[in-house]
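I opened the notebook to record what I looked up in this structure. The entries follow the order in which I checked things.

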Amino acid sequence: MRQELLSLPKGLAEEVSKNLVMVARLIDDEPEEAYAYARIALRLASRVAAVREAAGFAAYATQKYSEALAEFRASKRMTGSVELWPVMADCERGLGRPERALAMAGEPEVQKLDKAGQVEMRLVAAGARRDMGQLDAAIVTLQSPELASSAVQPWTARLRYAYADALLAAEREDEAREWFAKTVEADKDGATDAADRLAALDGVEFVDAMDADEDDDEADDADLDRRPADADVVDEDDEDDEDEDEDEQDAAEVAAAESARDVTEYYDEDDDEYEPIERSEADADVENPAGDKA
């Protein structure tokens, strides 16, 4: 990708690179946002194969299969690589054309794929068989040396999971349980829900913690509804009377404090905001209640 971007002017290459980084960062958790960034990169550099590929995967992640297929084909034409062949076949499945996906599984391009690509193509072909209602054929398609191998490869968990799922769909429950267990052994990163599927087959039911909390809240509400009639109940009228009593008491305390306060206010003469206060007749009466002359 870096080499392809070097063909662009420096400023443009940096801008395209930033958008491609955002596509890679968001595509798993925020595919719609990743798609938006991919469209920007595509407008800036549609002649770069890496950009067409990124746009294809962003469209694929948002189930825009027709658009994804067009971008993958464009990238393939530019590079001559068959690396995208399996995902192109899966786009055909997404478009409701499983027979085309099966046809692609028999093309010479498959022989040019590396081992991971060939396993991916097998998964797509098995999915196409299931789309067409050919469940037994899907099971046979997945039976391969890679499935039988005890070595764990990056594709092992997905291959075993697909096989277990097909067996379960065919109501071969004991075999399905065995292969879900084998999937769990290979799926160290938890990329599949094989552990949950295995637990379900064993009759184990998991309770979501959030659901449990909601049940506890409902139980508490039910207990409140079952309180006896003479349980402590706060009377709103009593609350109002208490509030009025408190207000009257506060008012009385304020009045007492004001009457006890020296009427004359004092200022620090050193204060910049000091202003002398003129004495009123009322002040004189307070200071000399007997009316004595100074």
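**Entry 1: Asp90**

In which helix does Asp90 lie? I found Asp90 in helix α6, which covers residues 85-94. I am working from a predicted model, and I keep that in mind for every entry.

I then asked whether Asp90 is buried or exposed. The relative accessibility of Asp90 is 16%, and the cut-off for buried is under 20%, so Asp90 counts as buried. I also looked up what Asp90 touches. With neighbours within four places in sequence left aside, Asp90 is in contact with Tyr60 and Val124. Tyr60 turns up again in Entry 4, among the α4 residues that meet α5.

**Entry 2: the protein as a whole**

I counted secondary structure next. The protein comes to 16 helices and zero strands. Of its 294 residues, buried ones make up 30%. I also looked up contacts between residues at least 6 apart in sequence: 47% of them join residues at least 24 apart.

**Entry 3: α6 and α7**

I stayed with the helix that holds Asp90 and looked at its packing on helix α7, residues 98-105. The axes of α6 and α7 come within 7 Å, and they cross at roughly 160°. An angle over 145 degrees counts as roughly antiparallel, so α6 is roughly antiparallel to α7. I noted the crossing of α6 past α7 as left-handed.

Which residues make this contact? On the α6 side I listed Trp85, Met88, Ala89, Glu92 and Arg93; on the α7 side they meet Pro98, Arg100, Ala101 and Met104. Sorted by class, the contact of α6 with α7 has six nonpolar, no polar and three charged residues.

**Entry 4: α4 and α5**

I moved back along the chain to helix α4 (residues 49-61) and helix α5 (residues 65-79). Their axes are 8 Å apart, and the packing angle is about 160°. That makes α4 roughly antiparallel to α5. Their crossing is left-handed.

I wrote down the residues from both sides. From α4 these are Ala49, Arg52, Glu53, Ala55, Gly56, Phe57, Ala59 and Tyr60. They meet Tyr65, Glu67, Ala68, Glu71, Phe72, Ala74, Ser75, Met78 and Thr79 in α5. The contact of α4 with α5 divides into 10 nonpolar, three polar and four charged residues.

The loop between α4 and α5 holds Gln63. I checked its backbone: Gln63 is not a glycine, yet its phi is positive, about 65°. Gln63 is exposed, at 59% relative accessibility.

**Entry 5: aromatic pairs**

How many aromatic pairs are there? I get four. I followed up two pairs, beginning with Phe57 and Phe72, which sit 4.9 Å centre to centre with 70° between the planes, an edge-to-face pair. This pair links distant parts of the chain, with Phe57 in helix α4 and Phe72 in helix α5, 15 residues apart. Both residues are also in the α4 and α5 contact list of Entry 4.

I compared their exposure. Phe57 is partly exposed at 31% relative accessible area, whereas Phe72 is buried at 0%.

The other pair I followed up is Tyr163 and Trp179, also edge-to-face, at 5.1 Å centre to centre and 90° between the planes. Tyr163 is in helix α11 and Trp179 in helix α12, so this pair ties together parts 16 residues apart in sequence. Tyr163 is buried, with a relative accessible area of 7%, and Trp179 is buried as well, at 12%.

**Entry 6: around α12**

The loop between α11 (156-169) and α12 (173-186) contains Glu171. I found a positive phi here too, near 65° in a residue other than glycine. Glu171 is exposed, with 72% relative accessible area.

I finished with α12 against helix α13, residues 194-201. They pack at about 145°, with axes 9 Å apart. α12 passes α13 in a left-handed crossing. In α12 I listed Glu173, Ala176, Arg177, Phe180, Ala181, Thr183 and Val184, which meet Ala194, Ala195, Arg197, Leu198 and Leu201 in α13. By class, the residues of this contact are eight nonpolar, one polar and three charged.

Key
Residues numbered from 1 in each chain as written. Predicted model: local features only at pLDDT ≥ 70, side-chain atom pairs only at ≥ 80, totals over all residues. Heavy atoms only, no water. Axes fitted to C-alpha atoms, helices over the stretch in contact; angles between N-to-C directions. Helix = DSSP H or I, 4+ residues; strand = E, 2+ residues; numbered from the N terminus. Parallel < 35°, antiparallel > 145°, perpendicular 65-115°, else oblique. Left-handed = near helix turned anticlockwise from the far one by under 90°. Contact = heavy atoms within 4.5 Å. Nonpolar A, V, L, I, M, F, W, Y, C, P; charged D, E, K, R; others polar. Buried < 20%, exposed > 50% of the residue type's maximum accessible area, 1.4 Å probe, protein only. Phe/Tyr/Trp six-rings, centres within 6.5 Å; stacked < 30°, edge-to-face > 60°.
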